[in-house]
Amino acid sequence: QVQLVESGGGLVQAGGSLRLSCAASGRTFSRYVMGWFRQAPGKEREFVASISWSGDITQYADSVKGRFTISRDNPKNTMYLRMNSLKPEDTAVYYCASRSVAYDSGSYYRTDDYVYWGQGTQVTVSS
């Protein structure tokens, strides 16, 4: 049974930083593309960043490019999202997600591209 558990969310002032973590269990973590998404109140869930199974290819939404960094530690079965220069519009529930196909390559921006999801962690940025 695949399980993804996010942590690291919280309340931060604009301009501050947070690091989110996503701990994975239930299968070989290192074989799968992983992603971060977020959902603000009243809005649809949107893509934030993704990382290839090897960690050498990353992609970002334009809204976070240059401020957020996605990374993974395969031996620790954990993915991270470092968020700097946070803005009030970054306020949302952040979700980690995993694809189901091992060793695949490509660009995966849609929620439908991912099969497994965590429960989410709240990030609130005050102005």
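**Ser-50.** I started with the surroundings of Ser-50 in this predicted model. Skipping residues up to four places away in sequence, I found Ser-50 touching Met-34, Gly-35, Ile-57, Thr-58, Gln-59, Ile-70, Tyr-108 and Tyr-114. Ser-50 sits in strand S5. Buried or exposed, I wondered about Ser-50? I got a relative accessible area of 4% for Ser-50, so it counts as buried, the cut-off being under 20%.

**Phe-47.** I stayed in strand S5, which covers residues 46-51 and also holds Phe-47. The relative accessible area of Phe-47 came out at 11%, so I put Phe-47 down as buried too. Which residues is Phe-47 in contact with, once neighbours within four places in sequence are left aside? I noted Trp-36, Phe-37, Gln-59, Tyr-60, Ala-61, Tyr-108 and Tyr-109. I also checked Phe-47 against Gly-15: they are 32 residues apart in sequence, and their C-alpha atoms are 21 Å apart in space.

**Ser-107.** Gln-59 had turned up in the list for Ser-50 and in the one for Phe-47, and I met Gln-59 again here. The side chain of Ser-107 makes a polar contact with the Gln-59 side chain, at 2.8 Å. Where does Ser-107 lie? I placed Ser-107 in the loop between strand S9 (92-98) and strand S10 (116-117). Its relative accessible area is 42%, so I logged Ser-107 as partly exposed. From Ser-107 to Val-33 I read 9.6 Å, C-alpha to C-alpha, with their positions 74 residues apart in sequence.

**The core.** Next I looked up the largest nonpolar core and got 32 residues. Trp-36, Met-79, Leu-81, Met-83 and Tyr-94 have the most contacts inside it. I then asked which strands each supply at least two residues of this core. My list reads S3 (18-25), S4 (34-39), S5, S7 (68-73), S8 (78-83), S9 and S11 (121-126). In soluble globular proteins, nonpolar side chains tend to be buried together.

**Leu-81.** I picked Leu-81 out of that core for its contacts, leaving aside neighbours within four places in sequence. Leu-81 is in contact with Leu-18, Arg-19, Leu-20, Trp-36, Val-48, Ala-49, Phe-68, Thr-69, Ile-70 and Tyr-94.

**Empty space.** Last, I went through the cavities and found 1 of 30 Å³ or more. The largest cavity has a volume of about 50 Å³. What lines the largest cavity? I wrote down Val-2, Leu-4, Ala-24, Ser-25, Arg-27, Phe-29, Tyr-32, Met-34 and Ser-98. By type, I split that lining into 6 nonpolar, 2 polar and 1 charged. Met-34 in this lining is also among the residues that Ser-50 touches.

Key: Residues numbered from 1 in each chain as written. Predicted model: local features only at pLDDT ≥ 70, side-chain atom pairs only at ≥ 80, totals over all residues. Heavy atoms only, no water. 1 Å grid on protein atoms, 1.4 Å probe; cavity = no way out; pocket = protein on both sides within 12 Å on 5 of 7 lines; lining within 4 Å. Points joined across faces, edges and corners; volume = space filled by probe spheres on them. Nonpolar A, V, L, I, M, F, W, Y, C, P; charged D, E, K, R; others polar. Helix = DSSP H or I, 4+ residues; strand = E, 2+ residues; numbered from the N terminus. Buried < 20%, exposed > 50% of the residue type's maximum accessible area, 1.4 Å probe, protein only. Polar contact = N/O pair within 3.5 Å; in protein donor to acceptor, adjacent residues only side chain to side chain. Contact = heavy atoms within 4.5 Å. Core = buried A, V, L, I, M, F, W, Y, C linked by side-chain atoms within 4.5 Å.
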